[in-house]
Amino acid sequence: LAAEEREHAALLATEYKRWRAGKPGLFSGDPLVTAVRAAAPEGTPVPLCNAAALLLTGQEDARTALVCADRQISYGELREQVARAAGIWQAHGIGFGDRVAIRLPDGIDWVVAWLGAIWSGAIAVGINPRIPAADWAYILDEAGFGLIIAESSSDTPAPWTSRVLTLEDWRRELRSAARVTARMVEEDQAAFWTHSS
């Protein structure tokens, strides 16, 4: 496990150095990033961006973005839902740099909530929905989430219980949420946190 973690750290360090130097990532080739950088005068950094918008822009609306069991969603539908998800975060008072927890099983709801948080300028934090209670309490105290999306609030201790938006309520709000424009942030602004073991 330690060797695997060192390999991941080395890969992230390499990607970061390439990104700071204005080079494409080892695993990228995103036409939007290339176009934005090409349009800037030589040597000028592109100071503002949004990771979720970069990921979702430049794809054909009808192209399949996600398949999960018997559900699938196109890029057009995903962009629409992510923009609405950002509207939910903002309607609940989540602002620039605020941390939000996505404590859901893997699936389309998780992706929409995650990318919506980044789209809104918040910091997305993915949490395993089966995390042990002691670890969950530690993360809650450390991260100070402004809002938590979870299947239920029953296993979230006070005072955090009041900050839980259940998946059922999230889905209901998503249908009528205002669509917001992606918030541009400085290129070194954190988009997400990952708690390691």
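In which helix does A117 lie? A117 belongs to helix α5, which spans residues 108-120. The model in which this helix appears is a predicted one. Its protein chain contains seven helices and nine strands, and of its 197 residues 35% count as buried. Among contacts in the chain with a separation of 6 or more, 63% join residues 24 or more positions apart.

A117 offers a starting point for a path through the interior. Its relative accessible area is 0%, and A117 is therefore counted as buried, the cut-off being under 20%. Leaving aside neighbours within four places in sequence, A117 is in contact with W89, V100, A122 and A124. One of these partners, V100, is 17 residues away in sequence, yet the C-alpha to C-alpha distance between V100 and A117 is 7.3 Å.

The next step leads from α5 to α4. These two helices pack at an angle of about 65°, and their axes are 7 Å apart. The crossing of α4 with α5 is right-handed. On the α4 side, the contact involves L78, Q81, V82, A83, A85, A86, W89 and Q90; on the α5 side, V111, V112, A113, L115, G116, A117, W119 and S120 take part. By residue class, this contact comprises 12 nonpolar, four polar and no charged residues.

Helix α4, residues 75-91, also packs against α7. Here the angle is about 110° and the axes are 9 Å apart. Angles of 65 to 115 degrees count as roughly perpendicular, and α4 and α7 are therefore assigned to that class. Their crossing is right-handed. From α4, the contact draws on Q81, R84, A85, I88 and W89, while α7 contributes W170, E173, L174, R175 and S176. The residues of this contact divide into five nonpolar, two polar and three charged. Both Q81 and W89 of α4 thus appear in the contact with α5 and in the contact with α7.

Another residue of α4 is R79. R79 has a relative accessible area of 13%, below the 20% cut-off, and is therefore buried. Not counting residues up to four places away in sequence, R79 touches L56, Q59, E60, D61 and R179.

Helix α7 itself covers residues 167-176, and its buried residues are L167, W170, E173 and L174. Viewed down the axis of α7, these residues fall within an arc of 125°, so they line one face of the helix. The face turned away from this buried side carries the exposed residues E168, R175 and S176. The cover over the buried residues of α7 includes α4 and α5, together with the strands β6 (147-150) and β7 (164-166).

A comparable description can be given for α6, residues 133-143, in which W136, I139, L140 and A143 are buried. Seen down the axis of α6, the buried residues lie within an arc of 105°, so they line one face of the helix. On the other side of α6, the exposed residues are A134, Y138 and D141. Strands β4 (99-103), β6 and β9 (192-193) are included in what covers the buried residues of α6. Strand β6 therefore figures in the cover of α6 as well as in that of α7. After α6 comes G144, whose phi is positive, near 60°.

Note on methods. Residues are numbered from 1 along each chain as its sequence is written. This is a predicted model: local features need pLDDT of at least 70, side-chain atom pairs count only at pLDDT 80 or more; totals for chains, interfaces and linings use all residues. Side-chain values use heavy atoms; hydrogens and water are left out. Helices (H or I, at least four residues) and strands (E, at least two) are DSSP runs, numbered from the N terminus. Buried means under 20% relative accessible area, exposed over 50%, partly exposed in between (1.4 Å probe, protein chains only). Contact means heavy atoms within 4.5 Å. The arc is that of the directions from the helix axis to the C-beta atoms. Axes are lines fitted to C-alpha atoms, for helices over the stretch in contact, and angles run from 0 to 180 degrees between N-to-C directions. Angles under 35 degrees count as roughly parallel, over 145 as roughly antiparallel, 65 to 115 as roughly perpendicular and the rest as oblique. A crossing is left-handed if the near helix is turned anticlockwise from the far one by less than a right angle, and right-handed if clockwise. Ala, Val, Leu, Ile, Met, Phe, Trp, Tyr, Cys and Pro count as nonpolar, Asp, Glu, Lys and Arg as charged, and the others, Gly among them, as polar.
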